[in-house]
Amino acid sequence: MRSALTNPGLQAFALPAAHQAVAAIIRRHSSNTTDIREAALQGLDLTTFRQALDLGCGFGFMAETLAPRLAPDARLTGIDACEANGPPFIEHVGRAGRRGRFVACAVGETLPWADESFDLIVCSYSLYFFPATLPELARLLHPRGLLLVITHHRSSFASLLRAVGLDPETSALTALVRRFPAEEAAGRLARYFAAVRQIDYPNRLCFHLADIDDLQAYVRFKLPLLIPGSDPTGEIPATIAEPLRAWVARHGELIIEKDDACFQCRRPRCP
Ligand SMILES: C[S@@+](CC[C@H](N)C(=O)[O-])C[C@H]1O[C@@H](n2cnc3c(N)ncnc32)[C@H](O)[C@@H]1O
């Protein structure tokens with residue numbers, strides 16, 4: 001693992017309060033009324049899991065739902081490239097009465113733990129940042145353990161990209177999603193896990209004229225992934241803001257495709 005945050009595309013994730021606010025915006029405007037975390041954990045009993053690893057944990061979005069379901073003496077280790085996520089992650093785990101540990105570093109191709117170190121590994125909206133680590137996940141998982149993955153479908157965000165005047169086929173956001181899209185995930189995971197269960201999560205984000213503030217906050221957070229190098233704390237550049245305003249005025253709404261899929265993977269294959 002590398003020790004520093006070097007990817008400018010990750011700038012927004014170094015702002016946990018903004019990320020948390022955007023998670024609430026996503027929840028408010030989702031057509032799917034089930035919480036994605038509940039969908040991902042469907043049918044699972046996690047009460048015997050004691051060593052859990054959350055890769056690209058962010059501010060603790062998954063940890064909030066996971067931690068209370070783990071064994072009472074479980075330890076949940078969060079890894080994220082953005083150091084600012086440490087305190088909120090630890091807080092989410094601690095609130096559930098579990099032990100939290102946070103390591104700020106960039107996940108690369110190899111991970112520093114011994115074989116079978118974890119009985120639960122989670123990659124929630126993160127594996128597309130480090131897909132080359134997949135064989136390591138099989139190595140690190142205990143034979144009776146569970147890997148949970150949540151990822152987007154290939155065409156996610158296409159209408160958002162069009163609305164802000166970007167070509168979905170060439171945008172940095174599409175390129176990121178396509179590094180580990182839902183359509184390929186089951187096949188790629190099956191190379192390393194003998195049992196893969198897919199749970200589809202069809203969803204749309206619906207923003208109407210009156211929701212323009214939420215839409216702008218959502219777009220501002222996504223800026224570094226829309227225009228690499230742009231600042232998620234500043235004004236939305238006119239090249240993005242104007243087409244977006246015009247689109248919403250013309251159509252009265254913006255409906256963003258955000259179909260996700262969750263994968264429960266068991267029986268790691270020896271690499
Ligand atoms: C889309 S967010 C998802 C956060 C959280 N898992 C969730 O479900 O909300 C992706 C997270 O992965 C982190 N990340 C991206 N690339 C990373 C890398 N190479 N190593 C560690 N963390 C990384 C980002 O900083 C960010 O917090």
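Begin by selecting valine 219, which you will find in helix H9, the helix that runs over residues 212-226. Keep in mind as you look around that this is a predicted model.

With valine 219 still selected, turn on the surface and ask whether this residue is buried or exposed. Valine 219 has a relative accessibility of 0%, and because buried means under 20% relative accessible area, it counts as buried.

Next, show the side chains that surround it, passing over the neighbours within four places in sequence: valine 219 is then in contact with Leu160, Leu226, Ile236, Ile240 and Leu244. Now add valine 22 to the selection and draw a distance between the two C-alpha atoms, which are separated by 9.4 Å although valine 22 and valine 219 lie 197 residues apart along the chain.

From here, zoom out and colour the whole chain by secondary structure, where ten helices and nine strands can be picked out. Among the contacts in the chain with a separation of 6 or more, 78% are accounted for by residues 24 or more positions apart.

With the full chain in view, its C-alpha atoms fill a box of roughly 55 × 35 × 30 Å along the principal axes. The radius of gyration is 18 Å, which agrees with the value near 18 Å that a compact globule of 271 residues would have.

Colouring by burial comes next, and buried residues make up 54% of the 271 residues. The accessible surface comes to about 11,600 Å², with 52% of it belonging to carbon and sulfur atoms.

Finally, select the charged residues: there are 29 positive and 29 negative charges, and their mean positions are 5 Å apart.

Definitions and conventions:
Residues are numbered from 1 along each chain as its sequence is written. This is a predicted model: local features need pLDDT of at least 70, side-chain atom pairs count only at pLDDT 80 or more; totals for chains, interfaces and linings use all residues. Side-chain values use heavy atoms; hydrogens and water are left out. Helices (H or I, at least four residues) and strands (E, at least two) are DSSP runs, numbered from the N terminus. Buried means under 20% relative accessible area, exposed over 50%, partly exposed in between (1.4 Å probe, protein chains only). Contact means heavy atoms within 4.5 Å. The radius of gyration is taken over C-alpha atoms; the globule rule is 2.2 Å times the number of residues to the power 0.38. Accessible areas come from the Shrake-Rupley method with a 1.4 Å probe; for residues, only the protein chains shown count as cover. Lys and Arg count as positive and Asp and Glu as negative; His and the chain ends are not counted. The place of a charge is taken as NZ of Lys, CZ of Arg, CG of Asp or CD of Glu.
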